[in-house]
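Please walk through the model below in a viewer, selecting each region in turn.

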Amino acid sequence: MNTPFLALTDVTVTKEGQPVAKNLNFKMERGQQWAITGYPEESKRLLLEVFTGRTPITRGIVRHYYADDYLAQPEDGTYRNHHDLVCYVPFHHHFRSKSNVQNFYYQQRFNSTEAEDVATVTEYLHSITSKNPVITWKTNDVMELLALDPLADKNLIKLSNGETRRLMIAAALVRNPRLLLLDHPLIGLDVETRHRLNGILDTIARSGTQIILATTPEEIPPCITHVAVIQGDTVIAQGPKREIKWSPPELATSQSQLHQSLHGPIRRLLEPRPPEDSKVVVELKNVTVRYGDKLILDGITWRVATGEAWALQGHNGAGKSTLLSLINGDNPQAYSNNITLFGRKRGSGESIWDIKRQIGYVSPELHQYFPKTQTALQVVLSGFFDTVGLFRKVSAAQQETALQWLQLFGMADTASLRLAQLSPDRQRLCLLARAVIKNPTLLILDEPCQGLGPQHHDFFKNLVDELHRIVGTTLIYVSHYAEDIPACVTKYIRLEKGKIAEKTDRHA
């Protein structure tokens with residue numbers, strides 16, 4: 001009888017005295033590739049962390065059989081346990097500066113001096129060493145596989161969300177793991193990159209590295225042979241992919257009911273917007289952005305009028321994040337371009353706070369760098385002051401408003417919990433509440449539904465529709481998924497390699 005590759009037997013995990021997972025049983029045979037799906041999201045991540053050994057178990061057995069082949073070899077100081085053979089690629093990166101004295105922070109990519117203390121893609125990958133004596137993946141091979149050669153000299157801090165995802169997988173492969181764990185690797189990637197990554201995962205699987213990834217039922221890669229389904233705090237089904245038929249539970253609330261449930265609270269929390277002095281919220285004329293010899297945006301001309309709802313689309317690395325940074329006041333190259341925001345030309349004496357006061361914003365980068373020591377209530381309150389964290393005294397009225405938003409988002413019980421104590425989808429909901437709390441003129445939502453479960457996903461889309469309909473909020477919405485875009489969006493602009501490839505009043 002063949003020895004299994006990995007197994008869990010009657011595993012229970014307890015946090016703060018309460019079981020968060022129980023009766024976990026799982027067996028992976030050699031040559032198999034697994035997807036973990038189901039709901040809630042935090043349970044899928046917890047299972048991956050149990051596999052890594054990062055999350056201690058309260059009882060049961062976790063057995064990494066594949067490590068026995070190495071541990072049985074003569075003692076050479078190379079191995080002490082299975083940890084050297086496992087690589088986990090989480091949802092967020094943990095890059096640090098070259099001097100290793102600080103983590104990255106949100107606006108560092110726009111600070112040319114401090115960006116110099118950040119490694120390039122090549123430097124970062126060459127700094128990684130493998131403890132596996134069997135070298136399957138070399139740095140040059142990995143860079144070619146993940147299409148990182150064009151990014152070789154790019155600082156880590158300046159990578160797009162999709163580029164960062166590819167680099168994180170590359171960094172894991174350079175360590176030559178026997179077991180590769182991936183947390184939703186396809187989220188935030190454009191259609192073409194998702195297709196390419198599926199081929200990359202197939203190549204990895206054929207190399208002998210076995211894969212376990214957390215994903216949704218709709219995004220199970222072709223290389224996956226087996227599926228395990230999490231529901232609540234345990235695994236309810238597992239087996240060959242063709243035999244596991246599972247879909248998310250039907251939402252208890254219909255779309256019309258969601259609209260009705262949001263209508264009253266939004267009217268109470270936000271006043272309909274009075275007529276604006278300016279008919280134009282954003283106007284860009286022939287905007288160009290370069291970093292050294294690299295052309296990021298090339299002659300962008302775009303006008304967003306008051307009350308319009310736009311979808312901003314384009315492949316990973318097309319320039320969307322850079323374009324948004326010009327609008328949001330983060331990018332200093334705005335001063336060297338012809339940009340008018342809220343009726344005032346950039347560089348005419350306005351401060352960055354004058355701009356941010358009128359904008360609500362959320363993005364994968366903001367989620368990545370937001371201080372996880374802040375409580376959920378502090379995160380939401382910081383939206384009044386446009387700061388990455390709360391550093392000012394708040395009024396009783398502001399605190400009450402923030403608590404009402406948390407209640408509307410179904411998170412009243414999280415007010416005193418630190419962001420680090422919340423699951424990634426609940427962290428994202430806090431940031432979404434932060435974006436809307438001050439009733440901004442312009443709402444910029446960059447992949448806002450990334451990592452949200454089905455119920456939260458539909459709730460937020462309906463919230464955006466109601467904000468636009470009742471309050472008249474101007475909207476710029478970014479997503480690689482057509483199903484994520486709210487019904488209120490009627491205008492589309494698509495970037496391709498830094499240029500406008502398409503601009504239309506309806507989705508083609």
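On this tour, a residue is called buried under 20% relative accessible area and exposed over 50%. The model is predicted.

**Stop 1: helix α13**

Select residues 396-408, which make up helix α13. At 1.5 Å a residue, these 13 residues should span 18 Å, and the end C-alpha atoms are indeed 18 Å apart. Now colour Ala402, Trp405, Leu406 and Leu408, the residues of α13 that are buried. Looking down the axis of α13, the buried residues fall within an arc of 160°, so they line one face of the helix. Turn to the face away from this buried side: Ala396, Ala397 and Gln407 are there, and they are exposed. Then step just past the helix to Gly410, where phi is positive, at about 70°.

**Stop 2: strands β15 and β16**

Select residues 359-362, strand β15. Ile359 and Tyr361 point one way, while Gly360 and Val362 point the other way. Which of these four are buried? All of them are. Add residues 442-446, strand β16, which runs parallel to β15 and is joined to it by 4 bridges. For one pairing to display, take Tyr361 with its bridge partner in β16, Ile444.

**Stop 3: aromatic rings**

Across the whole structure, a search finds 7 aromatic pairs. Select Phe26, Trp34 and Phe51 together to see one aromatic cluster.

**Stop 4: charges over rings**

Show Arg194 with Tyr481: the arginine lies over the face of the tyrosine, at 4.0 Å from the ring centre. Next, show Arg346 with Tyr335, where the charged end of Arg346 sits over the ring, 4.5 Å from its centre.

Conventions
Residues numbered from 1 in each chain as written. Predicted model: local features only at pLDDT ≥ 70, side-chain atom pairs only at ≥ 80, totals over all residues. Heavy atoms only, no water. Helix = DSSP H or I, 4+ residues; strand = E, 2+ residues; numbered from the N terminus. Expected span 1.5 Å × (residues − 1). Buried < 20%, exposed > 50% of the residue type's maximum accessible area, 1.4 Å probe, protein only. Arc of directions from axis to C-beta. Phe/Tyr/Trp six-rings, centres within 6.5 Å; stacked < 30°, edge-to-face > 60°. Lys NZ or Arg CZ within 6 Å of the ring centre and 35° of its normal. Pairing = 2+ DSSP bridges.
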